[in-house]
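Trainee: Could you go through this one with me? I'd like to know where the labels come from.

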Amino acid sequence: MLLSQPVLVAQNLASIIHSQMNPTGTIVLAGEGLCRTYRLGSTLVPALRGVDVEIQRGDFLVLQGPSGSGKSTLINLLGLLDCADAGRVLLDGQGVSAMSEEALADLRRDRIGFIFQNFNLIPVLTAAENVSYPMALKGLPDDEIRRRARELLEAVGLADRADARPDLLSGGERQRVAIARALANAPEVIFADEPTACLDTDTAAGVLDLMRTLNERNKTAFVIATHDPHVVARARRALTLQDGRIVEGS
Amino acid sequence: MNLWRLAVRNLARNRRRTALTGGIVVFGFTAFALAGGFMAQSLEGLREGTIRSGTGHIQFAHPGAFESGEFGSLEHGLDEADRVEAALRGQDGVAEVLPRISFVGLASDGVRTIPFLGMGLDPVPEARSMDYPKTLAAGRWLAGRDERGVVPGTGLAAALGVGVGDTVTLLATTVDGTLNALDVEVVGLAKLPIKELDDRYVATSLGLASELLSTGAQVSRIVVVLHETNDTATALTALGSSLRAAGFDLTGKPWQELAPFYGQVRLLYMGIFGFMGIILVTIVVLACTNAMLITVTERTREIGTLRAIGTRAAAVRNMFIAEGAILALSGCIAGALLSLLVRFVLNHSGITLPPPPGATQGSPLQVKIYGIAYGAGALVMLVTLVLASWIPARRAARMPIVEALTHV
């Protein structure tokens, strides 16, 4: 859905007013009127049709809905991995659409973390090196990187697996390494797309407990797209999407 | 984890593909180094062969002598050859000073008469610095500056039907236009590498040529042999200055100008080598680009992950280029070792190359260690691999992140 210019101006104005009404800055990320349409051959498939969403510091937000409802698309837009066709993403009240690729990459590195369904660890790096990678990208000193990687692996219960490569880790261990990697640069928001989908029930519960603990301890916001009712049950806030729109929750 | 360590680990990830791609680099580099070494060795052999076959490094003569041709140069002969020789001898870099009288005449055994190209020379220093005195097929080389003996080419001797110890009559026109004839003994037979020359050549002592042509102390040219071929240009300038200072108005010509075919052969070699190089580089580029494209395709999801967690597009591109550069450098090191091994085997194989056009003798196959070929080979392989990596790396870096993350 394309928004007219007056509507966009009004939304910008609303955003400014909204950010002024939240002087403590509790809203980290916001999406306003987000629309995204994909092209499948000659067919245009709308994935999001004007979604408004806010993510607060320390949030534990679950996005639920059937496959194709737009959960992953929303995560991609809010996580600065993709650009909306219409609407805008605001980080600390500032629009990101005009930012360069490099600036967006730096924002993802410093302020956003990702946990993927298939873990997506770098196979040639050990667990410790996978966790260290985002910090090395940021240019932190080696000593600090080593210390923090060790602390993060301890926090996810994998201190003794620091030197193991991903192919030697179980699914649950890989996902915990992925969580530690997502936390590496102390981001304000972590996006997790179906983080428990490839895990058995017990392991999934453990991973979920870990995310909840980190959320409460570090006040890191988690945004989780899932079909898993156990995850939904642990959410502080839940939004239900259907056909690219939020149909329940706020 | 720096870029290079990550690149090394990624290369070690698919050992078979890395080995195959590296093998192409090794093959390419080895071919480059060996072909360059063979070319350098051949050109150096041709250069020294040209110089040692009689041309020398520099020739001095009166202005106009070079235009009238070598065998007509007595019209512009040097009258004070002894003083010129003395002025040149002992100069820096000069190994030998060789006075020569070039002439044409007729050789006869009493039955057959055949035209010949005569060269009156000082036999002892010629034997020290030139190759043809060493190509004797029979008999001996001339012993002294005034010996009344000749060394004809084997082709001429065969045509005349004479051998060592036989007498032949040499007929030539003296400098004042009269016909003169001398009976001389064949003391040896030279087998010259160029057949046309072998069929016409006669070496005589300087004294005999002078007597036959009535030249007195006059010679056609003075040939200078240097210790080092690479010093030719500086020696030409220095010797020219010395001669002018001694009051001689002579023209000096370096061997390159006296033997223009060397430059032509060099250009031909460069053309062949360049053409082969282009084919080689094309094969390496295509093979390596293909391998890198497969690598990028296989790692598409990983590229998406790297981009998602904050790796800049340029860093992703650099990662693949680093892999290409490491592959090129390690391939060049292995290629250098392999080329040294192959060179050793070839140089000790005893293979003899067929004689070049116009020559009668082949030469042993020798491959030189040619530093420029190794350096150029390494540079070409590095540029080639970086280029072959850059194309797929650019594609990887530009891929939309979401598309890369969902790649199957």
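What follows is a short chat about a helix pair and a sheet in this predicted model.

Trainee: What makes H10(B) oblique to H12(B)?

Mentor: Start with the angle: the axes of H10 (residues 260–298) and H12 (residues 313–347) of chain B come within 12 Å and cross at roughly 140 degrees. Antiparallel would need an angle over 145, and perpendicular covers 65 to 115. The crossing fits neither, so H10(B) counts as oblique to H12(B). As for the hand, H10(B) passes H12(B) in a right-handed crossing.

Trainee: Which residues meet there, H10(B) to H12(B)?

Mentor: On the H10(B) side you have Met292(B), Thr295(B) and Val296(B), and they meet Phe320(B), Glu323(B) and Gly324(B) of H12(B). That contact splits into three nonpolar residues, two polar and one charged. Gly goes with the polar ones here.

Trainee: Over in chain A, why are S6 and S10 said to stand at the edges of the sheet?

Mentor: The open sheet has six strands in the order S6-S7-S8-S3-S9-S10, with mixed pairing. S6 (112–115) and S10 (245–248) of chain A have a single partner strand each, so one side of each lacks a neighbour in the sheet. On average, neighbouring strands are turned by 25 degrees against each other, ignoring direction.

Trainee: How do you know that S6(A) and S7(A) pair?

Mentor: Pairing takes at least two bridges. S6(A) and S7(A) (residues 189–193) have four, in the parallel sense, so they count as a pair. Ile115(A), for one, stands opposite Ala192(A) in S7(A).

Technical notes: Residues numbered from 1 in each chain as written. Chains lettered and ligands numbered in written order. Predicted model: local features only at pLDDT ≥ 70, side-chain atom pairs only at ≥ 80, totals over all residues. Heavy atoms only, no water. Axes fitted to C-alpha atoms, helices over the stretch in contact; angles between N-to-C directions. Helix = DSSP H or I, 4+ residues; strand = E, 2+ residues; numbered from the N terminus. Parallel < 35°, antiparallel > 145°, perpendicular 65-115°, else oblique. Left-handed = near helix turned anticlockwise from the far one by under 90°. Contact = heavy atoms within 4.5 Å.
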